[in-house]
Amino acid sequence: MYAGVGSRDADHAASHLGKAIAMALLLRGTPYQASKRRSYLPLELCSQHKVSQEDIYRGTVSDGLCDVTFAVAAAAMGHLQEARKLVKQLPPVAAQVMQQGTLAGLYLNALEKAGFNVFDPKLREGGVSPLRRVVALKWNMWRGTV
């Protein structure tokens, strides 16, 4: 049951949305976590792109790190797009809860504009102004989209 709605579509949409938000937050939190000598980026991807944990801790921006970021962001965007498709089938109460996807989408778009550099200073505040966040949330609520 999701947002008081017992529906397979709502559960499916919530699953995709949760994954998208989690991945976006993982990326957004990377600079902070790196400053504490922690990294939650997938080790297999880091190894594949020759990115060491020490590179991440130092905030060393490389093509490899941008490739890792791109891979995680692409997976997040895939889940977000799937949730967006499903939101049209949900009752309005459940669709309102799905608005959290709007913020994840804004961050992922800003990350793309930053060349998938998670350490870009423009991304510190989520990549967009507070006014842009509010406008996007209101617009999507009015339209019933994510």
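## Helix α7 and its neighbours

In this predicted model, Leu17, Ile21, Ala24, Leu27 and Arg28 of helix α1 meet Gln100, Gly101, Ala104, Tyr107, Leu108 and Leu111 of helix α7. Sorted by class, the residues of this contact are 8 nonpolar, 2 polar and 1 charged. Helix α7 also crosses helix α8, and some of its residues help to form the largest nonpolar core. Let's take these topics one at a time, and then visit two loop residues.

**How α1 packs against α7**

- Two packed helices are described by the angle between their axes and the distance between the axes.
- Here, α1 covers residues 8-28 and α7 covers residues 100-113; their axes come within 9 Å and cross at roughly 45°.
- That angle makes α1 oblique to α7, since it falls outside the ranges for roughly parallel (under 35 degrees) and roughly perpendicular (65 to 115).
- The crossing of α1 and α7 is left-handed.

**How α7 packs against α8**

- Helix α8 spans residues 130-143, and its axis and that of α7 come within 9 Å, crossing at roughly 135°.
- The pair α7 and α8 is therefore oblique.
- For α7 and α8, the crossing is right-handed.
- On the α7 side, the contact is made by Thr102, Leu103 and Leu106, while α8 brings Arg132, Arg133, Ala136, Leu137 and Asn140.
- By class, the residues in the contact of α7 with α8 are 4 nonpolar, 2 polar and 2 charged.

**The largest nonpolar core**

- In soluble globular proteins, nonpolar side chains tend to be buried together.
- The largest nonpolar core of this model has 36 residues, and the members that touch the most others are Leu27, Tyr107, Leu108 and Leu111.
- Which helices each supply at least two residues of this core? They are α1, α3 (43-48), α5 (63-87) and α7.
- Helix α5 gives the most to the core, with 11 residues.

**Two α7 residues worth finding**

- Tyr107 is one of the α7 residues that meet α1, and Tyr107 is also among the core members with the most contacts to other members.
- Beyond its neighbours within four places in sequence, Tyr107 is in contact with Ala24, Leu27, Arg28, Val118, Leu123 and Gly126.
- Is Ala104, another residue of helix α7, buried or exposed? Ala104 counts as buried because its relative accessibility is 7%, and the cut-off for buried is under 20%.
- Leaving out residues up to four places away in sequence, Ala104 touches Ile21, Ala24 and Leu80.
- Ala104 and Met23 are 81 residues apart along the chain, yet their C-alpha atoms are separated by 8.8 Å.

**Two loop residues with positive phi**

- Most residues other than glycine have a negative phi.
- Arg37 is not a glycine, yet its phi is positive, near 60°.
- You can find Arg37 in the loop between α2 (30-35) and α3.
- With a relative accessible area of 47%, Arg37 is partly exposed.
- Lys50 is not a glycine either, and its phi is positive too, at about 55°.
- Look for Lys50 in the loop between α3 and α4 (53-58).
- Where Arg37 is partly exposed, Lys50 is exposed, with a relative accessible area of 73%.

Notes: Residues are numbered from 1 along each chain as its sequence is written. This is a predicted model: local features need pLDDT of at least 70, side-chain atom pairs count only at pLDDT 80 or more; totals for chains, interfaces and linings use all residues. Side-chain values use heavy atoms; hydrogens and water are left out. Axes are lines fitted to C-alpha atoms, for helices over the stretch in contact, and angles run from 0 to 180 degrees between N-to-C directions. Helices (H or I, at least four residues) and strands (E, at least two) are DSSP runs, numbered from the N terminus. Angles under 35 degrees count as roughly parallel, over 145 as roughly antiparallel, 65 to 115 as roughly perpendicular and the rest as oblique. A crossing is left-handed if the near helix is turned anticlockwise from the far one by less than a right angle, and right-handed if clockwise. Contact means heavy atoms within 4.5 Å. Ala, Val, Leu, Ile, Met, Phe, Trp, Tyr, Cys and Pro count as nonpolar, Asp, Glu, Lys and Arg as charged, and the others, Gly among them, as polar. A nonpolar core is a set of buried Ala, Val, Leu, Ile, Met, Phe, Trp, Tyr and Cys residues joined through side-chain atoms within 4.5 Å. Buried means under 20% relative accessible area, exposed over 50%, partly exposed in between (1.4 Å probe, protein chains only).
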